[in-house]
Protein chains: 2
Amino acid sequence: MALVVQKYGGTSVGDPDRIRNVARRVVETVKQGHRVAVVVSAMSGETDRLVGLAHDLGGEVPEPRELDVILSTGEQVTIALLAMAIGRLGQPARSFTGAQMGMRTDTAHNRARIESVDTRILRETLERGHVAVLAGFQGTDDDGNITTLGRGGSDTSAVAVAAALGADVCEIYTDVEGVFTSDPRMVPTARKLERVSYDEMIEMASLGAKVLQIRSVRFAMRYGVKLHVRSSFTDTTGTWVVPEEQVMEQLVVSGVTYNRNEAKIRVRGVRDVPGIAARVFSPLAQEGVVVDMIIQNLSQDGATDLTFTVPRDAFKRALEVTRTTCGELGAADVDGDPNVAKVSIVGLGMKDHAGVATRMFQVLADEGINIQLISTSEIKVSVVIEEKYTELAVRALHDEFVDAGAGEPVAES
Amino acid sequence: MALVVQKYGGTSVGDPDRIRNVARRVVETVKQGHRVAVVVSAMSGETDRLVGLAHDLGGEVPEPRELDVILSTGEQVTIALLAMAIGRLGQPARSFTGAQMGMRTDTAHNRARIESVDTRILRETLERGHVAVLAGFQGTDDDGNITTLGRGGSDTSAVAVAAALGADVCEIYTDVEGVFTSDPRMVPTARKLERVSYDEMIEMASLGAKVLQIRSVRFAMRYGVKLHVRSSFTDTTGTWVVPEEQVMEQLVVSGVTYNRNEAKIRVRGVRDVPGIAARVFSPLAQEGVVVDMIIQNLSQDGATDLTFTVPRDAFKRALEVTRTTCGELGAADVDGDPNVAKVSIVGLGMKDHAGVATRMFQVLADEGINIQLISTSEIKVSVVIEEKYTELAVRALHDEFVDAGAGEPVAES
């Protein structure tokens, strides 16, 4: 008998039919002799509806504490519906809100961090042979205030529950069949991976893969929780996300990812003195603009060029803020390009193989694609290119590194 | 400085404009120097929507524990929206769910009874000068399970909070201006009452007046909570519901009420032996049919007639059940009439005045209205008549007892 934590996202519980489908899956798992705790999100669209209610009041940003009180009702409805649906199949089930299951967080409303899970009541429920149906995304702080973990937080809730219970596996159900070597809509030869390491999964998530929340993978890595990413609509095995030593073949490049939602801003001729980067980027942070890649060119005559990328929808705002700042700093010029994309290759094998970046640059050069920015880490290389070349670049890189590579490849986008 | 508990129903918080309106009222009360705790219901229509979600799963009656988990989200959304709206007017406010405010109930899901209110956190909130915004209708049992009090339970929540805090007044805001001597839509001369006693209010509520939940008035009477029923759309004083000794003038008849949603069933020639009533009514209770008036005629030749009323929408079911039972009991005949109404007069003064019932019967006789059933208590007389005479009867009785009576009359329907 195994202890299984299953997590179903908003699409998987989006209507009564789908909730009944999830109930059947849960009961099948119980019939296979396992104990099951299920973590669910709000029905798809529900969180947006609830945020809308708050915004309909008018004016400013909703008060964070009260927004969490509203948002947490989304999962509260789903847990009760799923517990009912499981009960109707003859399997006792019991729902628990974040407060009821003892999901303790810090007090950072709308983006709280999990501090502990009180497993007493969950263990009692599972030992009685009941299914525990748990609200993802939410918890309470030390004073009993309701908190939420931020969008996608349900993955993290599930991993936290799995870690606290010492579960044998945390199954993350989604609307795709697992983690792929690249986006199958873009790359016809993209293949589902059997296994991928935490590190690779984290890089892929941060580079645009949407299959798992980066936070939840970090959490799983820290506590050694084995993740199994699979589809709630089929019975096929998905992708296991596991410690590095359990990934059988370490390929040089295991995945090709892309992010089209990028824009580039360049500041030219700014004085190269200590503190200048802070002066440029503090106003952007205050405006809530998340800066991704930052490249600073070599200084010439005491002046330097600074280039960085931001999400495309923040481009206009970021450009204005940067122009104001750089006017004050006496920079020569600020310009930008809202039509760029980031394409990356990820693979554990890069640690041991030299020349991977060079091969990547050559592949792009052969396709006539100009590289605007480069950023590297131990297991990935990212480049920024003109957005219109995204598909060409991704396919060429997948051909070179994955299709031509030996054995089972490892990634998705 | 007074401590004021205000309760706003679903219509008063039905959309963003109305929530802002309630927020303004709350802040005005604070500006007058009072401490305010506000109890709110779910937005109108929301409870029905949530029940619908449970029913969409299909089949049977929803599991009561899980239904409460769903239903309680209705008020949880309202408290957060109202707390936000109050905050935007510059007045700090804080929302509390039933669990957070320590509203403890028994474990009877969907119709729980309040056992205690832990006032520590509410007092702290009020002492800091903050408004406490509380979810009506909900609580938790000793094991932390979410419970609800049943429809209209928010009135009872408000009274319980007022009792626990020792509030100076519990203001019940509704969409009418107070308690009237009769239904103003039916009786043009109906007047708003300044004061009415708990006993009269309880009789009126049980006889069809919808302005207050009978349970909440009983609760208020037991704990001596002064109720002020008023409109959330105007600033005029409403009706005070107070102990009997505070009602200045005790009129013979203070209100004329009616209930058109009645049906009558008659069992003829049933053996008049001990236990026969139980044999007739137990199967109805099992079917969930609420029997109202019961009249048993004098026995003749060892057989008796039994007549009773049920809500009109339960008529068909009740008739079938009764036919089956009475077949088994060997009754001569069972028939019924789905088109009857109950008309009642209520007044504290009846206690001291003889002949009130006779005067009532005479008024109806003068209008040519036949009385089918009669039921009396210390402070009310009810008659069942043909439904089509309802308006005629109510107006004639209002003329006789209220318009013609001295001073301020006391009732509504």
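This briefing covers the pairing of two chains, the packing of selected helices and the domain layout of one chain. The model is predicted. Chain B superposes on chain A after a rotation of 180° with 0.0 Å of shift along the axis, at an RMSD of 0.1 Å, and that is the relation of a two-fold axis.

**Symmetry and the contact between chains**

- In chain B, the C-alpha nearest the axis belongs to Thr73(B), which lies 2.6 Å from the axis.
- Both copies use the same surface, since 100% of the contact residues of chain B recur in chain A.
- Chain B contributes 29 residues to the contact, and chain A likewise contributes 29 residues.
- On the side of chain B that touches chain A, at least two residues come from each of α1 (16-31), α2 (46-56) and α3 (64-88) of chain B, and the largest share, 14 residues, is supplied by α3(B).
- Sorted by class, that side of chain B comprises 16 nonpolar, eight polar and five charged residues.

**Packing of α6 and α7 in chain B**

- Helix α6 (residues 198-206) and helix α7 (residues 214-223) of chain B have axes that come within 9 Å and cross at roughly 165°; with angles over 145 degrees counting as roughly antiparallel, α6(B) and α7(B) are therefore roughly antiparallel to each other.
- The crossing in which α6(B) passes α7(B) is left-handed.
- From α6(B), the contact draws on Tyr198(B), Met201(B), Ile202(B), Ala205(B) and Ser206(B), while α7(B) brings Ile214(B), Val217(B), Arg218(B), Ala220(B) and Met221(B).
- The residues of this contact between α6(B) and α7(B) divide into eight nonpolar, one polar and one charged.

**Packing of α5 and α7 in chain A**

- In chain A, the axes of helix α5 (residues 153-165) and helix α7 (residues 214-223) come within 8 Å and cross at roughly 10°; as angles under 35 degrees count as roughly parallel, α5(A) and α7(A) are therefore roughly parallel to each other.
- α5(A) passes α7(A) in a crossing that is left-handed.
- The α5(A) side of the contact consists of Asp155(A), Thr156(A), Val159(A), Ala160(A) and Ala163(A), and the α7(A) side of Arg215(A), Ser216(A), Phe219(A), Ala220(A) and Tyr223(A).
- By class, the residues of the contact of α5(A) with α7(A) are six nonpolar, two polar and two charged.

**Domains of chain A**

- The domain assignment of chain A gives domain 1 as 3-175 and domain 2 as 255-403.
- Taken over C-alpha atoms, the centres of domain 1 and domain 2 of chain A are separated by 37 Å.

Notes: Residues numbered from 1 in each chain as written. Chains lettered and ligands numbered in written order. Predicted model: local features only at pLDDT ≥ 70, side-chain atom pairs only at ≥ 80, totals over all residues. Least-squares fit on C-alpha atoms with pLDDT ≥ 70 in both. Contact = placed C-beta atoms within 7 Å. Helix = DSSP H or I, 4+ residues; strand = E, 2+ residues; numbered from the N terminus. Nonpolar A, V, L, I, M, F, W, Y, C, P; charged D, E, K, R; others polar. Axes fitted to C-alpha atoms, helices over the stretch in contact; angles between N-to-C directions. Parallel < 35°, antiparallel > 145°, perpendicular 65-115°, else oblique. Left-handed = near helix turned anticlockwise from the far one by under 90°. Domains from an automatic or database assignment.
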